Amino acid sequence: SIENAQKRVAENNFGIRKRLVEFDDVMNAQRKGVYGRRQNALKGERIGTDIANMVYEVSEAIIGRNANDYDALSDDVRKTLSIELPFTAEEYAHLNAGRMVEEIAEAALTHLQRSKEKIEQGVAPYIKEFVEERGATGIVGVPISDGRRMFNIRTDISEAYSNGCKSVSKAWEKAVLLSSIDKAWQEQLREMDDLRRNVQNASYEQKDPLVIYKLEAYELWKQMLWNMNSKAVSTLMRGRLGVPDYEEAKAAEAKAREEAAAKAAEEQKRQQGPKMNNQQGIRREYSTAGTPNPYANYSTTRDTYPGETAQRQAARNVNRPAGPVQPAKAQPKIGRNDPCPCGSGKKYKNCHGRGM
């Protein structure tokens, strides 16, 4: 009995482990596919081939979703690949799916190549200036944007100078691929964990949870590939240098220096202005001191405005020395019952002395 019980327990544990391995095989197959792409992106050996395959896969998926609607197809291509359809609505009616995929993918790859060349041509003058005029070496960060995010692409400046900045565009592709793969795989891991917990309820419906797990995992895998490929391709198609054109930047820098110099000169002139005015005022005071006024003995008989003569006389008396101060003389005191000096005939207390 003990031996039979131990045998049943061992068989049960073996079945559990075997079941776990079967579930892990599904996850391991997806892991190999993702890590293979990531390894290629890290080494950079097949990065061009991987991007071309991604463009074809995205084009095929777009055609599959919009096989019978030209307007929807045009909007999807413009949103995902940032290009216009390479064929008209009349040509669309006579093309098969394979031909449409070929033309869309070729147009996308041509646009991607032009975008890479534009980045290389834009960053080349900056790299040349840093190396030839400043003697820069080592790793340098090149800002490249997709219109929403800014990527700081790190590359060796000496290598970029020697190969015409092709290493910058390659580093840009590498960074985009790694970013899209990592984000898509992280999301896939969460989805697979949730799926593995939920499929256990299939046993209550007399269904094999492993079969349900494989079917749902395949659908999640296809969705992950679409998200990874479409986001990577869309970012690469919209890539542009995150700094202004070299000639425009130099013109703006020269203009800024001129404005700063003009502002400094204006500030210096403004600071020297009060000093010059003070010096001119002092010289004018010295030159007019002690000089007689030839018009001092002339006067007008008619004022230009009322009180003009009085104001002139007051202005002339401003700088005249004041005469000796005369002592104040006391006025005779008037008694309360004396006649008021105003001549009214009343007593002083009843006239102007009232209330005193």
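**A helix-rich predicted model, asked about term by term**

The protein chain has a mean pLDDT of 81, and 83% of its residues reach 70 or more. pLDDT is the predictor's confidence in each residue, from 0 to 100. As this is a predicted model, local features need pLDDT of at least 70 and side-chain atom pairs count only at pLDDT 80 or more, while totals for chains, interfaces and linings use all residues. Residues are numbered from 1 along each chain as its sequence is written, and side-chain values use heavy atoms, with hydrogens and water left out.

Me: What makes up the protein chain, in helices and strands?
Reply: There are 10 helices and three strands. Those are DSSP runs numbered from the N terminus, where a helix is H or I over at least four residues and a strand is E over at least two. Along the sequence the pattern reads α-α-α-α-α-β-β-α-α-α-β-α-α.

Me: Which elements have the lowest and the highest mean pLDDT?
Reply: The lowest is helix α10 (residues 308-316), with a mean of 58, and the highest is helix α8 (residues 209-237), with 92.

Me: Where does pLDDT stay under 50?
Reply: Over residues 282-306, and for that stretch the model has four contacts beyond four places in sequence. A contact here means heavy atoms within 4.5 Å. Where pLDDT is low, the predicted coordinates should not be read in detail.

Me: Why is α7 called roughly antiparallel to α8?
Reply: Helix α7 (residues 166-198) packs against α8 at an angle of about 155°, with the axes 9 Å apart. The axes are lines fitted to C-alpha atoms, for helices over the stretch in contact, and angles run from 0 to 180 degrees between N-to-C directions. Under 35 degrees counts as roughly parallel, over 145 as roughly antiparallel, 65 to 115 as roughly perpendicular and the rest as oblique. The angle of about 155° is over 145, so α7 is roughly antiparallel to α8.

Me: What residues divide up the contact of α7 with α8?
Reply: The split is 16 nonpolar, three polar and four charged. For the classes, Ala, Val, Leu, Ile, Met, Phe, Trp, Tyr, Cys and Pro are nonpolar, Asp, Glu, Lys and Arg are charged, and the others, Gly among them, are polar.

Me: And why are α2 and α7 called oblique to each other?
Reply: The axes of helix α2 (residues 47-65) and α7 cross at roughly 55° and come within 11 Å. An angle of roughly 55° falls in none of the other three ranges, so α2 and α7 are oblique. Making the contact are I47, I51 and M54 of α2 and K170, E173, K174 and L177 of α7. These divide into four nonpolar, no polar and three charged.

Me: How do you know that S234 is buried?
Reply: Buried means under 20% relative accessible area, exposed over 50% and partly exposed in between (1.4 Å probe, protein chains only). S234 comes out at 14%, so it counts as buried. The residue is found in helix α8, and, leaving aside neighbours within four places in sequence, S234 is in contact with K79 and T80.

Me: Why does A107 count as partly exposed, then?
Reply: A107 has 23% relative accessibility, and that value lies between the two cut-offs, so partly exposed is the label. A107 sits in helix α5 (residues 97-132) and touches I83 and P86, not counting neighbours within four places in sequence. The C-alpha atoms of A107 and L85 are separated by 8.3 Å, though the two are 22 residues apart along the chain.

Me: What makes S167 count as buried?
Reply: Its relative accessibility is 11%, under the 20% limit, so S167 counts as buried. S167 lies in helix α7 and touches T155, E159 and A160, with residues up to four places away left out.

Me: Is C165 in the loop before α7 buried or exposed?
Reply: Buried: C165 has 2% relative accessibility, which is under 20%. The loop runs between α6 (157-162) and α7. The phi of C165 is near 65°, a positive value in a residue other than glycine.

Me: What is the phi of S82?
Reply: Near 60°, again a positive value in a residue other than glycine. S82 lies in the loop between α3 (70-81) and α4 (89-92). With a relative accessible area of 24%, S82 is partly exposed.

Me: How much of the protein chain counts as buried?
Reply: Of its 356 residues, 27% do.
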